[in-house]
Amino acid sequence: MKTELGGMLGRALEANRRGRLSTFITGPESPAIAIFDPTRVMNNQEGDWYGEHAGKWLAAAARAFARTQDATLGENLTKVATALIERQDADGYLGNYAPARRFMVPQPPRPLSWNGEPALRTWDIWTHAYLMLGFLELHKARPDPAVLDAARRIGELCWRTIVQQGIDITSLGNHHGMSATVLLDPVAELYLLTREPRYLELAETILAQAEARPELKLLSKALAGTDAAEIATGKAYQLAWNLVGLAKLHKATGRADLRRAIETLWSNIREHHLSLGGGPFGGVANRSREVFNPRGVFEPKAYVETCSTLAWIQLNRELLLITGEARYAEEIERSAYNDLLGALAPNGEDWCYYSFANGRRVHTTYWRCCKSSGAMALEELPPLAYRVTSADTLAVQLYGASSVEATLAGAGRVKLEQHTRYPGAGLVCLRLVDIERDGGRFTLQLRVPSWAEGARLKLNGELSAAELKPGQNASIERSWRRGDELCLELPMAIRTHRRVCQNTQESRAPDGSPVAQQVLHHEWLALTRGPLVYATTLIDGFKTEETIRLPQALKEVPAAAGSEDEAPEIEMQLGYREPIRFTPYYRAGGREDGAWRLTWLSLAPPQS
């Protein structure tokens with residue numbers, strides 16, 4: 001299947017290819033690859049995580065190359081992969097740590113700390129996990145036995161260390177081991193590709209060791225409905241990545257308890273721990289900046305780590321592949337159009353480490369992890385836009401200008417074009433521009449967003465009787481002919497969202513009866529239209545907060561000429577002051593470093 005994305009996502013992908021993927025790493029001399037030079041490795045006692053960039057770049061660049069056949073990118077991939085493989089030790093080690101600091105050396109015990117750090121700081125397993133994923137993506141894009149062998153040799157080394165040698169993987173990472181148990185993802189992926197039993201044994205050993213760590217107990221806590229903030233340290237990025245590994249282990253084994261655990265924790269995160277823009281939200285009043293807030297805690301100054309958005313998109317990818325359910329595609333789309341694009345600068349090189357719902361846009365520095373994670377997350381999107389779910393079903397999973405070529409049993413090769421100004425407008429037209437067997441029968445599956453009450457469908461200009469339920473997929477099965485056009489009309493009403501920042505003091509009366517007194521209560525309001533979250537810049541040019549009184553009137557204002565997505569602005573008319581103008585969150589403030597974005601406005605207390 002061949003997919004091309006246009007519109008907002010297509011422009012972001014092209015900027016990413018020309019920016020981050022074409023400039024950050026170009027060969028063995030690039031700093032992110034030079035840190036693997038044997039001379040430097042032998043003297044590295046720092047326990048740093050910078051080795052992750054090599055694997056992340058390999059994974060994202062390999063996907064971009066598979067899409068575009070960019071010759072320069074292909075040459076750079078060859079040079080980098082060759083250099084890394086040449087530097088891989090005979091035992092399979094490919095990290096950037098001195099021998100005494102490597103993950104094969106048992107860690108000494110240490111007192112329990114709040115974030116479960118090992119005695120010696122280490123991200124060695126983490127780096128190898130990303131290198132494995134990078135090699136596997138490169139092998140998929142351009143099959144090469146040497147590249148696959150490099151991933152297998154890392155897998156073999158991990159199997160010997162964790163299964164044979166018996167080193168506990170949770171002793172090799174922060175957050176009570178979660179920074180090391182992420183290895184579950186590439187190991188399960190390696191098993192699915194090779195079907196080598198040792199890799200499945202390794203994956204199951206990793207899960208067993210995660211279960212044996214009292215602070216983590218990943219599977220049993222998820223099955224019990226434990227809040228995401230209470231699993232290990234509640235670190236959003238690592239927890240979501242661990243769930244990606246659980247999902248792949250479910251695909252490898254068919255274990256129902258794994259799927260149940262993932263779906264239970266997914267629901268917890270979806271209901272309690274996401275920003276309005278779809279990214280994992282938290283970090284306020286915690287010792288770590290990147291952990292979920294406790295369930296029930298809302299704070300408009302919380303923020304999203306771009307790395308966490310990557311892991312959340314990947315988790316929804318896995319659940320979408322397992323279930324086909326529309327809700328997972330909707331979460332991918334929501335995250336992509338808001339918190340992901342909202343973190344990307346137009347040059348395709350600069351990214352926000354943290355994206356604030358209410359706060360200043362800050363483009364991060366050279367070595368930060370989120371610049372490589374954002375590049376990876378964008379490259380997740382093209383394969384998810386469409387999917388052949390059965391021999392005769394083509395599912396449309398993401399909306400936006402695009403095209404797809406696929407082969408279906410009843411029709412042969414088909415080409416479908418999506419013509420739309422989505423997410424700025426709600427009309428999505430799918431035109432069958434080519435079909436190998438005219439009149440061939442197949443099913444086109446469309447996703448009806450949960451916010452699209454009153455959606456309508458027209459086939460060649462005539463209203464269709466197909467049932468359209470918000471939040472579910474709709475299927476249109478028929479004999480198709482070249483030139484057929486299916487148009488989905490998605491109403492995009494402006495919606496208001498309210499949240500409460502509150503605190504209730506709980507205690508017991510002398511007779512033992514429960515007593516609860518609310519001591520803090522502040523209400524907040526935000527706006528969405530279709531899949532887009534809206535934000536304003538500094539109020540009156542200098543205020544970072546505004547308190548408004550209800551009711552207020554909301555009016556759509558046409559986008560300025562030449563706007564890249566043509567999404568209208570929203571004017572909030574209050575009567576007692578000048579209107580407040582909102583634009584889509586991702587472009588609020590002109591996408592410039594230092595610009596302010598205010599998603600949530602404070603509501604005045606009710607009149608007594």
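**Notebook: pockets and aromatic pairs**

I began with the open spaces, and I noted that about 650 Å³ of space lies in the second largest pocket of this predicted model. I then looked up its lining, which counts 29 residues, and those closest to the pocket centre are Arg270, Ser275, Leu276, Arg334 and Arg499. The elements that each give two or more residues to this lining are helix H14 (256-272), strand E2 (281-282), helix H16 (326-340), strand E16 (494-508) and strand E18 (532-535). H16 supplies the largest share, four residues. Sorted by class, the lining of the second largest pocket holds ten nonpolar, ten polar and nine charged residues.

I turned next to the largest pocket, for which I wrote down a volume of about 800 Å³. Its lining is made of 31 residues, of which Arg63, Glu137, Lys140, Glu380 and Pro383 are the closest to the centre. Two or more residues come from each of strand E1 (2-5), helix H5 (52-68), H7, helix H10 (184-194), H13, helix H15 (306-323), helix H17 (369-380) and helix H18 (382-385). Here the largest share, six residues, belongs to H5. By class I recorded 15 nonpolar, two polar and 14 charged residues in the lining of the largest pocket.

I then went through the aromatic rings, and I found that the structure holds 20 aromatic pairs. For Trp49 and Tyr50 I noted ring centres 4.7 Å apart and planes at 50°, so I entered this pair as tilted. Trp49 has 12% relative accessibility and therefore counts as buried, whereas Tyr50, at 29%, counts as partly exposed.

The second pair I looked up was Trp126 with Trp241, where the ring centres are 4.9 Å apart and the planes stand at 80°, so the pair is edge-to-face. Because Trp126 lies in helix H7 (residues 124-141) and Trp241 in helix H13 (residues 236-253), the pair ties together parts that are 115 residues apart in sequence. I also checked accessibility for both rings: Trp126 is buried, with a relative accessible area of 2%, and Trp241 is buried with a relative accessible area of 2%. Trp126 and Trp241 belong to one aromatic cluster, which Trp123, Tyr130 and Tyr237 complete.

I looked as well for charges placed over rings, and I made two entries. Arg142 lies over the face of Phe65, at 5.2 Å from the ring centre. In the other entry, the charged end of Arg597 sits over the ring of Tyr585, 4.2 Å from its centre.

Last, I took stock of the chain as a whole, whose secondary structure comes to 18 helices and 24 strands. Its C-alpha atoms fill a box of roughly 80 × 70 × 45 Å along the principal axes. I compared the radius of gyration of the chain, 25 Å, with the value near 25 Å that a compact globule of 608 residues would have, and the two agree. Of the 608 residues in the chain, 59% are buried, and in that count I used the cut-off of under 20% relative accessible area.

Methods:
Residues numbered from 1 in each chain as written. Predicted model: local features only at pLDDT ≥ 70, side-chain atom pairs only at ≥ 80, totals over all residues. Heavy atoms only, no water. Phe/Tyr/Trp six-rings, centres within 6.5 Å; stacked < 30°, edge-to-face > 60°. Buried < 20%, exposed > 50% of the residue type's maximum accessible area, 1.4 Å probe, protein only. Lys NZ or Arg CZ within 6 Å of the ring centre and 35° of its normal. 1 Å grid on protein atoms, 1.4 Å probe; cavity = no way out; pocket = protein on both sides within 12 Å on 5 of 7 lines; lining within 4 Å. Points joined across faces, edges and corners; volume = space filled by probe spheres on them. Nonpolar A, V, L, I, M, F, W, Y, C, P; charged D, E, K, R; others polar. Rg over C-alpha atoms; globule rule 2.2 N^0.38 Å.
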